[in-house]
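Good morning, everyone, and thank you for making time for this. I would like to walk through one model with you, going from its sheet to its cores and then to a few single residues.

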Amino acid sequence: MSAIVGSRGPILITGGTGQVGGELVRMLAPLGEIHAPTRAELDLADPDSIRRLVRELRPRWIVNPAAHTAVDRAETELEAAYAVNAIAPGVLGEEALKVGAAVLHYSTDYVFDGTGTHPYVESDLTGPLGAYGASKLAGEQALAASGAAHLIFRTSWVYGATGKNFLLTVLRVAREKAQMSIVADQYGAPTWSRELARMAATVLATAPDADAARPYQGLYHAAAKGETTWFGFAQEALRLRRLAEPDTRFAELIPIPTSAYPTPAKRPANSRLDCRKLERTFGFELLPWEQALAEALVEVPLPETAHLRSI
């Protein structure tokens, strides 16, 4: 790995303050110089901003976890969603090709309609149900068409110890309410943001530049091992949290069908992803979702009141 540190050009990471981007900044640091621009330096909704930065920086890798991830708002914010999720990956690819960089791009299980009965493989037909999934699929296609060396990793149900995500929402609301209704008929694998960064480190160590990345380019699925429902995820999170906060009274969880919780954007009922291609190609397996959740929860700060009770 030490041979990589001196390789040509820095590693450009978009969305460096996000839950995946922040983990990438830390995890990829041993592999070389990291450049994680601010929004003022890089506006993914502005193609000229992308072109200007990539041409100036001339990175050897562009790692792009940034996205318009507000699934429901994307239904009414089409222009914004497509600018960041669809157009930007294509522009990143075009500019990467010009400067000889490779692109590692994160995509989503929402490119599928969720009607399948098996975990999706990379070659399965796509069919997004809403604007978010459609814009992310368009981004995959734009990047692939750019001609740049690229690897696209579809993942699912991303959470972390910081930011805004389902896990932190459950932990907060469960302290405020007596009951919580959680959807129990959508299946997938909650994936810790740190695991996605750890995967990227393995990929970049294997393929330190565009020439090395070419033989590996294409689509991969990357999600935690195992499967559960949103209800099962919340249930396990609260079970583990009760061990750390035995005196805290948490909400009772009530399982409900998707039909009882209508949202502007439809969610796929089956978000399971088959990750065997990733394992075969890079020898990398993400942790089982239960193990990753337990490790992530250690880093979620206890509320001040719970901390005082434990002293």
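Before I point at any pair of residues, a word on terms: two strands are said to pair if DSSP finds at least two bridges between them. With that in mind, Leu 12 stands opposite His 35 in β2, and β1 and β2 pair in the parallel sense over two bridges. Please keep in mind throughout that this is a predicted model.

Let me say how far the predictor trusts it. The mean pLDDT of the protein chain is 94, and 95% of its residues reach 70 or more. The exceptions I want to flag are residues 1–6, where pLDDT stays under 50 and the model has ten contacts beyond four places in sequence, and residues 307–311, where the pLDDT is below 50 and the model shows two contacts beyond near neighbours in sequence. Where pLDDT is low, the predicted coordinates should not be read in detail, and I will leave those stretches aside.

Now to the sheet. It is an open sheet of six strands with parallel pairing, and its order is β2-β1-β3-β4-β5-β10. The edge strands are β2 and β10, at residues 218–221, each of which pairs on one side only.

Going inward from β2 and β1, we come to β3. Strand β1, residues 11–13, runs parallel to β3 and is joined to it by three bridges, with Val 63 of β3 as the bridge partner of Ile 13. On its way to β4, which covers residues 102–108, β3 again pairs in the parallel sense, here over four bridges, and Trp 61 stands opposite Ala 102 in β4. The connection between these two strands passes through helix α4, residues 78–99, and together β3, α4 and β4 make a right-handed β-α-β unit.

Which residues of β3 are buried on each side of the strand? Trp 61 and Val 63 are buried on one side, while Ile 62 and Asn 64 are buried on the other, and the strand is therefore covered on both faces, with buried meaning under 20% relative accessible area. The general background is that in a regular strand the side chains alternate between the two faces of the sheet.

Just before β3 in sequence comes helix α3, whose buried residues are Ser 49, Ile 50, Leu 53, Val 54 and Leu 57. Seen down the axis of α3, these buried residues fall within an arc of 120 degrees, and so they line one face of the helix. They pack against β1, β2, β3 and α4, whereas the face turned away from the buried side carries the exposed residues Arg 52 and Glu 56. In the loop between α3 and β3 lies Arg 58, a residue other than glycine with a positive phi, near 50 degrees; at 46% relative accessibility, Arg 58 counts as partly exposed.

Let me turn to the nonpolar cores. The largest has 38 residues, and those that touch the most other members are Tyr 159, Leu 167, Met 180 and Leu 293. Two or more residues each come from α6, β7, α9 and α11, and α9 gives the largest share, seven residues. A second, separate core of 30 residues includes Leu 28, Trp 61, Leu 104 and Ala 213, so here we meet Trp 61 of β3 again.

To get a feel for the larger core, look at Tyr 159, whose contacts beyond four places in sequence include Leu 167, Trp 192, Phe 233, Trp 289 and Leu 293.

Finally, consider the loop between β5 and β6, where Ser 156 is placed. Is Ser 156 buried or exposed? At 1% relative accessibility, Ser 156 counts as buried, and its contacts beyond four places in sequence include Asp 109, Ala 189, Ala 222, Ser 271 and Leu 273. The same loop holds Trp 157, another residue other than glycine with a positive phi, near 50 degrees, and at 7% relative accessibility Trp 157 counts as buried.

My last residue is Glu 140, in helix α5, which at 4% relative accessibility counts as buried. Leaving aside neighbours within four places in sequence, Glu 140 is in contact with Ser 107, Val 111, Ile 152, Arg 154 and Leu 219.

Conventions: Residues numbered from 1 in each chain as written. Predicted model: local features only at pLDDT ≥ 70, side-chain atom pairs only at ≥ 80, totals over all residues. Heavy atoms only, no water. Buried < 20%, exposed > 50% of the residue type's maximum accessible area, 1.4 Å probe, protein only. Contact = heavy atoms within 4.5 Å. Core = buried A, V, L, I, M, F, W, Y, C linked by side-chain atoms within 4.5 Å. Right-handed = clockwise from strand over helix to strand, strands pointing away. pLDDT = per-residue confidence, 0-100. Arc of directions from axis to C-beta.
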